[in-house]
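Visitor: I'd love a friendly tour of this structure, one question at a time. Could you begin with a term we will need on the way?

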Amino acid sequence: MDFLREDLLMKQSVFETEIFSHSLSLKNAGVRISCDRLALPKIEWLLPSGELLWASDDADSFRRLHFLSLRSSGLFKNPEEGISLLEHLAPVFLLYPQMRFKVQALSGELPLLDGSAYPWYEAVRSLAGIPQELAFYDVPLRERLEFENGFWEISPSETLEVEYSISHSAFSDSAYCAIYDAEDLVKIFPARTFIFEEDLAKAQAAGLLSGVDAHSGLLLSERNGEACALVGAPFRQKNEPAMHKILDLIGDLSLPLPFLPKLKIRIHNGGHIAHRKLLERLLDYAFGNSSQVE
């Protein structure tokens with residue numbers, strides 16, 4: 001019987017899971033993820049209706065989408081049809097550039113889970129197995145963009161390097177990473193999203209963030225120029241707030257397809273809108289090199 005069971009498992013190629021948790025605005029958000037290990041590589045993102053939002057092998061389907069300014073971590077066909085909170089799941093697919101996934105949102109926002117990418121990694125790995133070699137594309141750009149209270153600048157590199165710094169009143173934090181392989185990427189996944197207590201109070205007074213709870217990430221308080229975690233202590237890693245900003249950046253840049261740019265990125269006080277501006281500069285290179293990625 002054991003041999004028969006093993007033979008049946010070997011013949012199975014499609015695996016599926018459903019994941020539910022609170023999100024930023026919802027008490028119960030859900031998503032269905034399926035993986036076909038034998039099909040041609042592709043990632044399809046579907047609306048709750050089952051309609052395709054975009055696919056990684058179709059540049060036009062991605063270019064037609066909109067980022068809404070108030071929900072800049074999401075992608076939308078129009079103000080009523082879209083998905084938010086993609087940036088923690090998208091980087092996990094970087095570990096499987098040669099596999100086919102279908103992601104159907106069961107609500108307008110994806111689950112927040114613990115505010116990091118690590119639970120997503122555990123879920124996807126249970127479907128797809130051992131991570132594969134990462135795929136990269138060349139970007140021959142040297143540019144700088146300044147925006148309110150911050151900037152980003154990029155230059156070519158042999159891999160993806162990110163220097164990310166943030167400041168909040170008297171508090172500041174910074175982190176650096178260089179992504180060469182799956183292990184380098186997975187090290188970033190545990191870093192959780194964060195918010196300062198005064199910002200949370202303002203958001204909730206405005207009727208926002210109604211879905212968050214004590215397990216949503218890090219609630220920080222600024223004391224003597226340092227961030228003290230009121231909820232979520234201790235930090236999972238040094239400079240966890242800045243490391244999470246790196247995770248957000250990588251998630252935003254990998255939305256179109258599961259490949260990484262060969263760039264050195266320096267960014268200060270960035271956010272999803274700044275990341276989007278950078279992504280817009282990379283799309284031609286991402287899709288233009290997608291058939292010749294390394």
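Guide: Gladly! A residue is called buried when its relative accessible area is under 20%, exposed when that value is over 50%, and partly exposed in between. Please keep in mind that this is a predicted model.

Visitor: Then let's apply that: is Leu209 buried or exposed?
Guide: Leu209 is found in the loop between H5 and E15. Its relative accessible area is 17%. The cut-off for the lowest class is under 20%, so Leu209 counts as buried.

Visitor: Which residues does Leu209 touch, not counting those up to four places away in sequence?
Guide: Some context on the fold around this loop residue helps here. The C-alpha atoms of Leu209 and Leu26 are separated by 8.3 Å, although the two are 183 residues apart along the chain. With residues up to four places away left out, the ones Leu209 touches are Leu24, Ile195, Leu200, Ala203 and Gln204.

Visitor: Is Ser23 buried or exposed?
Guide: Ser23 belongs to the loop between strand E1 (14-21) and strand E2 (29-36). Beyond its neighbours within four places in sequence, Ser23 is in contact with Ala29, Leu85, Glu109, Leu110, Leu112, Gly211 and Val212. Its relative accessibility is 0%, so Ser23 counts as buried.

Visitor: Which residues are in contact with Gly74, leaving aside its neighbours within four places in sequence?
Guide: Gly74 sits in strand E6 and, at 0% relative accessibility, counts as buried. From Gly74 to Glu109 the C-alpha separation is 8.3 Å, with their positions 35 residues apart in sequence. Setting aside neighbours within four places, the contacts of Gly74 are His66, Phe67, Ile83, Ser84 and Leu86.

Visitor: Now to charged pairs. How many salt bridges does a search of the whole structure find?
Guide: Side chains of opposite charge can pair when their charged atoms come close. The cut-off used here is a side-chain nitrogen of Lys or Arg within 4 Å of a carboxyl oxygen of Asp or Glu. Searching the whole structure that way, the number of salt bridges comes to 16.

Visitor: How many residues apart in sequence are the parts that Arg63 and Asp284 tie together?
Guide: Arg63 and Asp284 form a salt bridge, with their closest N and O atoms 2.8 Å apart. Arg63 lies in helix H2 (residues 59-63) and Asp284 in helix H7 (residues 272-288), so this pair ties together parts whose separation in sequence is 221 residues.

Visitor: And is Asp284 buried or exposed?
Guide: Its partner Arg63 is partly exposed, with a relative accessible area of 40%. Asp284 has a relative accessibility of 56%, and the upper class starts over 50%. Asp284 therefore counts as exposed.

Visitor: Where do Asp114 and Arg236 lie?
Guide: These two form a salt bridge, Asp114 with Arg236, and the closest N and O atoms are 2.7 Å apart. The pair ties together parts that are 122 residues apart in sequence, because Asp114 lies in the loop between strand E8 (100-105) and helix H3 (118-128), and Arg236 in the loop between strand E16 (226-231) and helix H6 (240-253).

Visitor: Which residues are linked with Glu153 in a network of salt bridges?
Guide: Glu153 forms a salt bridge with Arg266, and their closest N and O atoms are 2.4 Å apart. This pair links distant parts of the chain, with Glu153 in strand E11 (residues 150-156) and Arg266 in strand E17 (residues 260-268), 113 residues apart. In the network, Glu153 is linked with Arg144, Glu146, Glu163, Lys264 and Arg266.

Visitor: Which residues are the closest to the centre of the largest pocket?
Guide: The largest pocket holds about 1700 Å³ of space. It is lined by 50 residues, and the closest to its centre are Leu24, Thr193, Phe194, Ile195 and His272.

Visitor: How many charged residues does the lining of the largest pocket have?
Guide: Among the elements that each supply at least two lining residues are strand E6 (71-78), strand E12 (160-168) and helix H5 (197-205). By class, the lining has 21 nonpolar and 20 polar residues, and the number of charged ones is 9.

Visitor: Last one: how many disulfides are there?
Guide: A disulfide is a covalent bond between the sulfur atoms of two cysteines. Cys35 counts as buried at 1% relative accessibility, whereas Cys228 is partly exposed at 28%. With a sulfur-to-sulfur cut-off of within 2.5 Å, the count of disulfides is 0.

Terms used. Residues numbered from 1 in each chain as written. Predicted model: local features only at pLDDT ≥ 70, side-chain atom pairs only at ≥ 80, totals over all residues. Heavy atoms only, no water. Helix = DSSP H or I, 4+ residues; strand = E, 2+ residues; numbered from the N terminus. Buried < 20%, exposed > 50% of the residue type's maximum accessible area, 1.4 Å probe, protein only. Contact = heavy atoms within 4.5 Å. 1 Å grid on protein atoms, 1.4 Å probe; cavity = no way out; pocket = protein on both sides within 12 Å on 5 of 7 lines; lining within 4 Å. Points joined across faces, edges and corners; volume = space filled by probe spheres on them. Nonpolar A, V, L, I, M, F, W, Y, C, P; charged D, E, K, R; others polar.
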